[in-house]
Amino acid sequence: MKTHDENFAKFVAQYYQPGDRVLDLGCGFHLIEPGWETTPEYFINRGAKKIIGVDPVCSDIQSFLQKYPNHKFYCDIIDSVQKLDDYINNNNITSLKMDIEGYETKFIESQSNYPTLKYIAIETHSRSILNSMIEKLLTLNFDIHTICTFYPRVHHMCNLIYGYR
């Protein structure tokens, strides 16, 4: 098991490939400590071909739109399976980073096989969602590389899972 220090960008970065098309669900400035990069900054600074960032905090999205005009950022909430499927499939996403509570259920409920998706990193705060996510990734022929649980200062429990295919 790998350890984790609350900087989700560092966790995701272990698996990211330059040139990826990244869907960053939860791309905002949440819990960013001084000296840390946001996940969009991390991916862009290391050669992401395209970042599609989604976050419900519109001021964060406006900051990214101004700073990174060649990438796409949306102030949005993933409130349906169809919306998640559209973000992934219509943008030919190769890497998915998801750390907004509740979006995982839309991925689990989806019937899409996400043909372009090669890498996935998800944070969840529920053991049952973690178990369902593992089952879903296995049905999509992902290899599970890392699962870890830690107890950060802001949540009772945090689970991270990474898979690739």
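**Group meeting talk: a walk through a predicted model**

Let me begin with a single residue, Ile-108, which at a relative accessible area of 23% is partly exposed, where buried means under 20% relative accessible area, exposed means over 50%, and partly exposed covers what lies in between, with a 1.4 Å probe and protein chains only. I should say at once that this is a predicted model, in which local features need pLDDT of at least 70 and side-chain atom pairs count only at pLDDT 80 or more, while totals for chains, interfaces and linings use all residues. Residues are numbered from 1 along each chain as its sequence is written, and side-chain values use heavy atoms, with hydrogens and water left out.

Ile-108 sits in helix α5, and when I say helix or strand I mean DSSP runs, H or I of at least four residues for helices and E of at least two for strands, numbered from the N terminus. Which residues does Ile-108 touch, not counting residues up to four places away in sequence? They are Ile-129, Ser-132, Met-133 and Lys-136, a contact being heavy atoms within 4.5 Å. With Met-133 in particular, the separation is 25 residues in sequence, yet the C-alpha atoms are 6.2 Å apart in space.

Let me now step back to the whole chain. The protein has 6 helices and 7 strands, and, read from the N terminus on, its elements follow the order α-β-α-β-α-β-α-β-α-β-α-β-β. Of its 165 residues, 52% count as buried, and among contacts between residues at least 6 apart in sequence, 64% join residues at least 24 apart.

Within that order, please look at β2, α3 and β3, which together make a right-handed β-α-β unit; right-handed here says that, with the strands pointing away from the viewer, the path from the first strand over the helix to the second runs clockwise. The strands β2 and β3 run parallel and are joined by 4 bridges, where two strands pair if DSSP finds at least two bridges between them. One residue pair to find on your screen is Val-54, whose bridge partner in β3 is Tyr-74.

Now for the helix of this unit, where Asp-60, Ile-61 and Phe-64 of α3 are buried. These residues cover an arc of only 100° around the axis, which puts them on the same side of α3, the arc being that of the directions from the helix axis to the C-beta atoms. On the other side of α3, Ser-59 and Gln-66 are exposed. The buried residues of α3 pack against α2 (39–45), β2 and β3.

Helix α4 (residues 81–89) can be read in a similar way, and its buried residues are Leu-84, Asp-85, Tyr-87 and Ile-88. Their arc is only 160° around the axis, which puts them on the same side of α4. What do the buried residues of α4 pack against? Their partners are β1 (21–25), β2 (50–55), β3, β4 (95–98) and α5.

The next topic is the cysteines. If a disulfide is taken as a pair of cysteine sulfur atoms within 2.5 Å, the count comes to 1 disulfide, and it joins Cys-58 to Cys-75, with 1.9 Å from S to S. This pair links distant parts of the chain, since Cys-58 belongs to helix α3 (residues 58–67) and Cys-75 to strand β3 (residues 72–75), 17 residues apart. The torsion about the S-S bond of Cys-58 and Cys-75 is about -70°, so the disulfide is left-handed. Cys-58 is partly exposed at 43% relative accessible area, and Cys-75 is also partly exposed, at 34%. Cys-27, by contrast, is in no disulfide, and the nearest cysteine sulfur, that of Cys-75, is 9.4 Å away; Cys-27 counts as buried, because its relative accessibility is 0%.

I will finish with two loop residues. Tyr-114, in the loop between α5 (103–109) and β5 (119–124), has a positive phi of about 45° although it is not a glycine. Asn-141, in the loop between α6 (127–139) and β6 (143–150), also has a positive phi without being a glycine, near 65°. Are these two residues buried or exposed? Tyr-114 counts as buried, because its relative accessibility is 0%, whereas Asn-141 counts as exposed, because its relative accessibility is 61%.
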